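Dear colleague,

I am handing over a structure for your records, together with a short account of its contents. Please look at the sequence and the coordinates before reading on.

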Amino acid sequence: FYKQQDANFYPTWTYVAGRSVANIPNSLFDSFLYGIIVYWCAGLAFGDGAGIGNFFMWLLILFMTSFSTGLFFGMFPAVVEVVTIAQACMAVMLVIFILFSGFAIQPDVIPDWYIWAYW
């Protein structure tokens, strides 16, 4: 991408739009395959809330998460011109996402001045 951008072959927004559209089948396949396995193995198919509507809502949430994360991390190469800086930014953002997702640190332990990152 950087070679074509430096040579002004096409605008950046066309690359981002094309990559976004091309990523839809990938995200659908990944979320469907992962969603089927996790839905049954995690026991979400059993109990009071089990139903076909909840299963498709689960798949929709997984698809939207996969697609939006792909778009978010696809934004860095389009915005930052230096590859190493883009990789460093993506690594820092990934650590922040993992740290404030609620799995590594529970919400009641997060200091008040950082709670905005949890939400």
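The notes below begin with the overall form and then turn to individual residues.

Please bear in mind throughout that this is a predicted model.

Overall form

The protein contains five helices and zero strands. Followed along the sequence, its elements give the pattern α-α-α-α-α. Its radius of gyration is 18 Å, whereas a compact globule of 119 residues would have one near 14 Å. Along the principal axes, the C-alpha atoms fill a box of roughly 60 × 40 × 20 Å.

Of the 119 residues, 20% are buried. The accessible surface amounts to about 8700 Å², and carbon and sulfur atoms account for 72% of it. As for contacts between residues at least 6 apart in sequence, 43% of them link residues at least 24 apart.

Two residues of helix H2

Helix H2 covers residues 12-41, and two of its residues deserve a description here. Ser20 lies in this helix. Its relative accessibility is 14%, which is under the 20% limit, so Ser20 counts as buried. When neighbours within four places in sequence are set aside, the contacts of Ser20 are Phe67 and Leu71.

Tyr39 is likewise placed in helix H2. With a relative accessibility of 5%, Tyr39 also falls under the 20% limit and therefore counts as buried. Which residues does Tyr39 touch, not counting those up to four places away in sequence? They are Leu44, Ala45, Ala50, Gly51, Asn54, Phe55 and Trp58. For one of these contacts, Phe55, a backbone distance is also available: the C-alpha atoms of Tyr39 and Phe55 are separated by 7.4 Å, and the two residues are 16 residues apart along the chain.

Cysteines

How many disulfides does a search of the whole structure find? The search returns zero. Two cysteines may be described by their accessibility. Cys41 has a relative accessibility of 68%, which is over 50%, and Cys41 therefore counts as exposed. Cys89 has 28%, a value between the 20% and 50% limits, so Cys89 counts as partly exposed.

In brief, the predicted model shows a protein of five helices and zero strands, with Ser20 buried, Tyr39 buried and zero disulfides found.

With kind regards

Key:
Residues are numbered from 1 along each chain as its sequence is written. This is a predicted model: local features need pLDDT of at least 70, side-chain atom pairs count only at pLDDT 80 or more; totals for chains, interfaces and linings use all residues. Side-chain values use heavy atoms; hydrogens and water are left out. Helices (H or I, at least four residues) and strands (E, at least two) are DSSP runs, numbered from the N terminus. Buried means under 20% relative accessible area, exposed over 50%, partly exposed in between (1.4 Å probe, protein chains only). Contact means heavy atoms within 4.5 Å. A disulfide is a pair of cysteine sulfur atoms within 2.5 Å. The radius of gyration is taken over C-alpha atoms; the globule rule is 2.2 Å times the number of residues to the power 0.38. Accessible areas come from the Shrake-Rupley method with a 1.4 Å probe; for residues, only the protein chains shown count as cover.
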